[in-house]
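The following exercises ask the student to read a structure step by step. Each task is followed by a worked solution.

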Amino acid sequence: MVWDIFCKVIDNHGDIGVCWRLATQLAGRGESARVWVDDPSALAWMAPSGHERVEVIAWTDEPAVALAPGDVVIEAFGCELPQHFQEQMAQRATRPVWINLEYLTAESFAERNHTLASPVLTGPAAGATKFFFYPGFTGGTGGLLRETRLDDAQHAFDADAWLRAQGIERGDSMVVSLFCYEPAAMCQLLAQLASGPRQVALLVADGRPAAAIHQAIAALDEATPGWNSRHHLAVKLLPLLTQPDFDHLLWSCDLNFVRGEDSLVRALWAGRPFIWHIYPQHDDAHHTKLLAFLDWIEAPASLREFHLAWNGMNNALPAIDMASWAACAAHARNRLLAQDDLVTNLMRFVRQKGMHA
Ligand SMILES: Cc1cn([C@H]2C[C@H](O)[C@@H](COP(=O)(O)OP(=O)(O)O[C@H]3O[C@@H](C)[C@H](O)[C@@H](O)[C@H]3O)O2)c(=O)[nH]c1=O
């Protein structure tokens, strides 16, 4: 089958990150995918080699290419399909299965709304039906993106060799990755790591995390000179990594700080302790979303409190508790592995709907 995936880049890297992963995972199962994206610039570093079964198409107002719609059309995160494409969908002998892929959440509405049909009332495709597809953490949702050979790849992976190739010697250090926005508790985290009993190598992602850490270090240097006088904390700025190497980073670290949507899923598959910086929404809707996730993951008290402080819902950052966080992460991964992944669920759904088209 041919899948058309439409992606509008709002900000950050998650929109295209999720769409690219979806496309390549479909391709990994023998499907053909086309990613229509208004700003493909991030793919230059995320996926510099592309994928032989995935075509990237510039999504412009005027159709640059006249391509007949495929068997399945996905609008990611509620982006609206171009009018000319909707016209072509309406003309197709068998209408494509039309799916709106939603944002990931552990809130209960994901289960309630998953696969709901929405009749298209106006526009060139009036009379068609669109289906909501909700990724999620429970069996009643669409599940999470997970490549078919995840376990094998993780078993074959040599974390120390990968770190060494990035110029990092693990030694006795605790290795921590940092991918975040601008957390209010950044200074607290750095001070905690610097005063802890172990040497810490903090590997900081390029972009907003690097800018945030520079600012935090400058603030600490001014307010608390000597805060890292024992040199327990070593900060290393990373270049932008390819998506597979970003996964390798998460597989290599003892503790991962992730953000948004796609890296959260990748941290879950890494199965290591992690802290999530949730994408902030203006009306604080992300607070409810974060609490729902902490409930789903059965976060022990220290993990819950750490998340609240990291996400600005509380002030005091508690101590890192690797043992209980590791048990929680391992348990979450096992629960998720027992469920079908998003592409399996999506392909099953499309087969069912296609039969009734
Ligand atoms: C730092 C880094 C990231 N990545 C990838 C991993 C992910 O696919 C992607 C980051 O996406 P996320 O983890 O989702 O975080 P994000 O903050 O970049 O994206 C966000 O975008 C907003 C518009 C959405 O509303 C949010 O829900 C969220 O998706 O970038 C790399 O491939 N290499 C890197 O070096």
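**Exercise 1.** How many nonpolar, polar and charged residues does the shell around the ligand have? State also which parts of the chain supply this shell.

*Solution.* The structure is a predicted model.

Step 1. Sorted by class, the shell consists of 9 nonpolar, 7 polar and 5 charged residues.

Step 2. Among the 21 residues around the ligand, those that come nearest are N12, G14, G17, G260 and S263.

Step 3. At least two residues of the shell are supplied by each of α1, α9 and α10. The largest share, 3 residues, is that of α1.

Step 4. Residues of the shell are given both by domain 1 (2-143) and by domain 2 (150-337), so the ligand shell lies between the two domains.

**Exercise 2.** Describe the contact of domain 1 with domain 2.

*Solution.*

Step 1. The chain is divided into domain 1, residues 2-143, and domain 2, residues 150-337. Their C-alpha centres are 30 Å apart.

Step 2. The contact takes 16 residues from domain 1 and 12 residues from domain 2.

Step 3. On the side of domain 1 that touches domain 2, the elements giving two or more residues are α1 and α2 (43-46). The largest share of this side, 5 residues, comes from α1.

Step 4. By class, this side of domain 1 has 10 nonpolar, 4 polar and 2 charged residues.

**Exercise 3.** In which order do the 5 strands of the open sheet stand?

*Solution.*

Step 1. The order is β10-β9-β8-β11-β12, and the pairing is parallel.

Step 2. β10 (233-237) and β12 are the edge strands, since each pairs on one side only.

Step 3. Direction ignored, neighbouring strands of the sheet are turned by 15° against each other on average.

Step 4. As one example of the pairing, β8 (residues 174-178) and β9 (residues 200-204) run in the parallel sense over 5 bridges. Here M174 stands opposite V200 of β9.

**Exercise 4.** Which residues of helix α10 are buried, and against which elements do they pack?

*Solution.*

Step 1. Helix α10 spans residues 262-270, and 9 of its 9 residues are buried. They are D262, S263, L264, V265, R266, A267, L268, W269 and A270.

Step 2. These buried residues pack against α1 (14-27), α5 (150-156), α9 (243-252), β11 (255-259), β12 (274-277) and α13 (322-337).

Step 3. Just after the helix, G271 takes a positive phi of about 75°.

Step 4. Turn now to α9, whose buried residues are F246, D247, H248, L249, L250 and S252. The elements covering them include α6 (159-165), β8, β9, β11 and α10.

**Exercise 5.** Is L144 buried or exposed? Give its place in the chain and its contacts.

*Solution.*

Step 1. L144 lies in the loop between β7 (129-133) and α5.

Step 2. A residue counts as buried if 20 or more other C-beta atoms lie within 10 Å of its own. L144 has 21 other C-beta atoms within 10 Å, and therefore L144 is buried.

Step 3. Leaving aside residues up to four places away in sequence, L144 touches P135, V265, L336, D341 and L342. One of these, V265, is a buried residue of α10.

Step 4. L144 and L104 are 40 residues apart along the chain, and their C-alpha atoms are separated by 8.5 Å.

Terms used: Residues numbered from 1 in each chain as written. Predicted model: local features only at pLDDT ≥ 70, side-chain atom pairs only at ≥ 80, totals over all residues. Buried ≥ 20, exposed ≤ 12 C-beta atoms within 10 Å, placed from the backbone. Helix = DSSP H or I, 4+ residues; strand = E, 2+ residues; numbered from the N terminus. Contact = placed C-beta atoms within 7 Å. Near = placed C-beta within 6 Å. Nonpolar A, V, L, I, M, F, W, Y, C, P; charged D, E, K, R; others polar. Domains from an automatic or database assignment. Pairing = 2+ DSSP bridges. Axes fitted to C-alpha atoms, helices over the stretch in contact; angles between N-to-C directions.
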